[in-house]
Amino acid sequence: MERDVNPELPAGITPWHALPVETVYSALQTSPSGLCEQDAMQRIATYGANALPEAPGLHPVVRFLAQFNNALIYFLLAAAVAAMVLGHAVDAGVIVAVVVVNAIVGFIQEGKAEEALAAIRSMISPHAAVVREGARTEVAVRDLVPGDLVLVEAGDRVPADLRLVRARSLRIDEAMLTGESVTAEKREAPVAADVPLGDRQSMAFSGTLVAAGQGAGIVVATGQATQIGRISVLIAGVEPLTTPLLRQIDSFGRRFTIFCFIMAAALFAFAVSVRGHDWADALMAVVALAVGAIPEGLPAVITITLAIGVRRMAARNAVIRRLPAVETLGATTIICSDKTGTLTRNEMTARHVVTSTHLLEASGAGYAPSGVFTAIGSDDDVAALEASEEVIRCGLLCNDAALEQADGRWRVSGDPMEGALVALAAKAGLAVDHVRAEWPRLDEIPFDAAHRFMATRHVAPGGGSVLFVKGAPEAVLAVSASEAAPGGPVPLDMAHWDREIVRAAGAGERVLGFAMKANAGEDAGPLGLGAVEGLVFLGLVAFIDPPRSEVVSAIAECRSAGIAVKMITGDHAATAAAIAAQLGLDDHLEVVTGAEVDAASDAQLVTLARRASVFARTSPEHKLRIVRALQSTGAVVAMTGDGVNDAPALKQADVGVAMGIKGTEAAKEAAEMVLLDDNFVSIVAAVHEGRTVYDNVRKVIAWTLPTSGGEGIAVIAAILFGFVMPMTPVQILWINLIVTVTLGLALAFEPSEPGVMDRAPRPAGAALLSPFLLWRVVFVSGLFAVTTLSIFFAALAEGRDLETARTLVVNAIVVLEVFYLYNVRYLSTTSLTLRGGFSTPAVLMAVAIVVLAQIAFTYLPLMQNVFDTRPVTFRDGLIILAAGIGFMCVLEVEKVVARRLGVRM
Ligand code: ATP
């Protein structure tokens, strides 16, 4: 049988899953304290990175050719052929050149957008917890090597093929390898050599998802040598650059193009049969129409606008995993947020210890193991500390965290609350490592949000075994039979504990309960939930976890933006309410508990969910019901999550938001967006950017369409009324593809308008173009057509030649475009401000480029030959400028009138 490894192994052909753990350690020259860094470096040189080959992207040539794969380009190329046949060689050449320039621009822009998105996605590349040189640390999954000792827990994606050396309630979803939908239970014991993959209980396979529990395993295969690598799965390639909005625009574009063709054909027939035009001239005219009426550059500019939005969000710590979220974020009406770590700092400090007889306060900040204890309600600090010792020791032993000092600061490796308990023990004078060595751990039940406690079984220094439990106070009290007292256990005084819990929680403190049981029967097999009963309750520890100060203003911003914020937490109702009040979450805080959610029918939950702003003691299943209830009212819901069980709620939410630091792989994969700093503020920043992106898309469209509309109207008028074309097809192409794309791109970079977060979210189903913007498109198209035709006929009437008149028309359209650009930058407020005038570097650069391009277009002999243009005089220039200023004034007046009438932009 082939071995499942990349390393060469000593004798025997027994596969890893059938070998005892000790043999695996020695075969891979590793130990329970892991590899040393140097060894790991050498091994990575030997075995290569732990990564699967990426699916190759499209070849650049194919990507370039794809730019031509579009009905409009076919049409333009056909027009070029027609022009060639009709002897318009220059026109044909220009059409081809413009099409090629357009394809090059599209190719480069698309490549840049894709690169940016890939770079942003790599900001959330997965890490694995490993033991190296005896200490727990994090390494990039790519850097894992055979022999590494990896720690996994619920929510992790197994980072390589592991031979498990420890499994605690470990269940893994292996559907992707075995097709088995029930999660597989894992153990350390070897299994028979010939069992199929799905029965190799002693292995965890790369790419599978840890559904529950904890474990540790030695890496036996990485990269392509893993089971998943062997079935040659390639990492999914780049996600397509598309969103519902782009698809909507694409399909609109296709229908519009067909409409234009039909119109063009009808006009061609009309021109030839009714007007008696020469068919060659008529053909060139309708080509001009089709080219003029279709906004060729629009899709490219919108894609770029979205990509810029993604980049801005990433700069504000919100990484978009799925492009459509950029649009949805702007429409968000409710943000459901976790409390711990998102609204609060997740920097815990144990402040109070409560026993049946004493209340002790600990000073100190952060995780530094220094501080003093003061008894509250008594003078005897020493007696209070003595009474608290068992609670503090229980907190140290029923604990997986470690403190480490780096750069003069104390940091936690593991759960912050557990880190605070280690610091508390050190403050109380316990020698942390010594105590942990004195009480070796035999077994444990990992913390799970479903039962809300953690239990560990230890060998007591005096012999026998002891069970330590810590968890949500109600959960621990429910399995306690008595409480510790100076003379030995006495019956539980529930009233005392309830009072103390409410007191601490009311102050915003997070409360944990502690209990123990002596003689916990170490021979009774693996520790199960059933063993956690009949405990002696020891006391409580209350922690402070201060709210993040910046969240207060972010919540205020949400409220002014018409976005409701709801806290959904596993914590105690009183703690949650106190923190919510400190954050100014709602004027009339209403707290609903998980139990009330359970008791409510789906219909009742809708009312509850709408009213309440805090959901406490909830489990992840409640989150799913709450999102559904809120969505049923038409709300667009963003929901945060970090655990493996949060994945369904994250998928259900309109925008699932996963935590980048404390979130599990499962949560990140289910989410649309990942927060690099786990901070609520970043969600609000993303909403802000989402609104800006959407505004900018609307601006781009509202700005582009009238140019095409104006050109279309002018050409149709010429055909219908039988006058000569005011522009040639190649001149129209020049405007639409060169000038319009350059100016339109500037809108993609627009910063947020003042007051983006002072207006209500846009209704979810709202059309992209509001009735006002539609009116605007029609109105401005009309103004474009009228201005161009007036200038055209005035020039002809003055006795100018046709070529000069056409040059004036093209220059006039470009000048109007520039003025209109300034007007559109502020949808509702006036653009005639200092800020509007100075505008952005992007706008100034685009205008400068366009001015230079127009000068070349008008005066450069080469361009004059190609585009059939003539130089214009200074006076002509002034007249065109005056037309532009007049046009701007009309539009500003229109804005004022619209605002007076209270029209929604
Ligand atoms: P949020 O949902 O806002 O992040 P949370 O961290 O309190 O809040 P959970 O992780 O579901 O939510 O925890 C629920 C409760 O379980 C906590 O309030 C605490 O009482 C208890 N608890 C949390 N972590 C542990 C742990 N490591 N050991 C024992 N009990 C814990």
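**Thr692**

I started with Thr692, which is buried, at a relative accessible area of 2%. I'm working from a predicted model here. Thr692 lies in helix α24, residues 680-721. What does its side chain touch? I found a polar contact with the side chain of Ser752, at 2.7 Å. So Thr692 is a polar residue that sits under the 20% cut-off for buried and pairs side chain to side chain with Ser752.

**The whole chain**

Next I zoomed out. I noted 905 residues in the protein chain, and 54% of them are buried. I listed 31 helices and 27 strands. The C-alpha trace spans about 115 × 70 × 50 Å along its principal axes.

**The ligand shell**

Then I went to the ligand. I have 22 residues surrounding it. Which of them come closest? I wrote down Lys339, Thr340, Lys470, Arg510 and Thr569.

I sorted the shell by residue type and got 10 charged, eight nonpolar and four polar. Which elements feed it? I found that α13 (416-427), β17 (465-471) and β20 (510-518) each give at least two residues. β20 gives the most, with three residues.

I also checked the domains. Domain 3 (318-344 + 549-678) and domain 4 (359-539) each put at least three residues into the shell.

**Polar atoms at the ligand**

I looked at ligand oxygen atoms one at a time. For Thr340, a backbone N or O atom is 2.9 Å from a ligand oxygen. For Arg510, I get a polar side-chain atom, also at 2.9 Å from an oxygen of the ligand. For Asp571, an N or O atom of the side chain is 3.4 Å from a ligand oxygen. How much of the ligand's surface does the protein bury? I have 600 Å² exposed for the ligand taken alone, and the protein buries 88% of that.

**His572**

I moved on to His572, in the loop between β22 and α18 (573-583). Is His572 buried or exposed? I count it as buried because its relative accessible area is 16%, and the cut-off is under 20%. I then took its C-alpha distance to Arg510: 7.4 Å in space, with their positions 62 residues apart in sequence. Arg510 is the residue I had already noted among the closest to the ligand.

**Strand β22 and its partners**

I followed the chain back to β22, residues 564-568. Four of its five residues are buried, so I put the strand down as mostly covered.

Which strands does β22 pair with? On one count I have β9 (residues 334-337), joined to β22 by four bridges and running parallel. Within that pairing, Cys336 stands opposite Lys566. I also have β24 (residues 614-616), joined to β22 by two bridges and again parallel. There, Ile568 stands opposite Phe615.

I reminded myself that in a regular strand the side chains alternate between the two faces of the sheet.

**Leu630**

I picked out Leu630 in helix α21, residues 620-631. At 1% relative accessibility, I count Leu630 as buried. What lies across from it at long range in sequence? I checked Ile334: the two are 296 residues apart in sequence, yet their C-alpha atoms are 8.4 Å apart in space. Residue 334 is where β9 begins, and β9 is one of the strands joined to β22.

**Two positive phi values**

Last, I went through backbone angles. Most residues other than glycine have a negative phi. Which residues did I note as exceptions? One is Asn317, with a positive phi of about 70 degrees although it is not a glycine. Another is Asp868, whose phi is positive and near 60 degrees.

I placed Asn317 in the loop between α10 (298-315) and β8 (318-320). Asp868 is in a loop too, between α30 (861-867) and α31 (874-900).

Are they covered? I have Asn317 as partly exposed because its relative accessibility is 29%, and Asp868 as partly exposed because its relative accessible area is 33%. Both values fall between the 20% and 50% cut-offs.

How values were computed: Residues numbered from 1 in each chain as written. Predicted model: local features only at pLDDT ≥ 70, side-chain atom pairs only at ≥ 80, totals over all residues. Heavy atoms only, no water. Near = heavy atom within 4 Å. Polar contact = N/O pair within 3.5 Å; in protein donor to acceptor, adjacent residues only side chain to side chain. Areas by Shrake-Rupley, 256 points an atom, 1.4 Å probe, with all protein chains shown as cover. Nonpolar A, V, L, I, M, F, W, Y, C, P; charged D, E, K, R; others polar. Domains from an automatic or database assignment. Buried < 20%, exposed > 50% of the residue type's maximum accessible area, 1.4 Å probe, protein only. Pairing = 2+ DSSP bridges.
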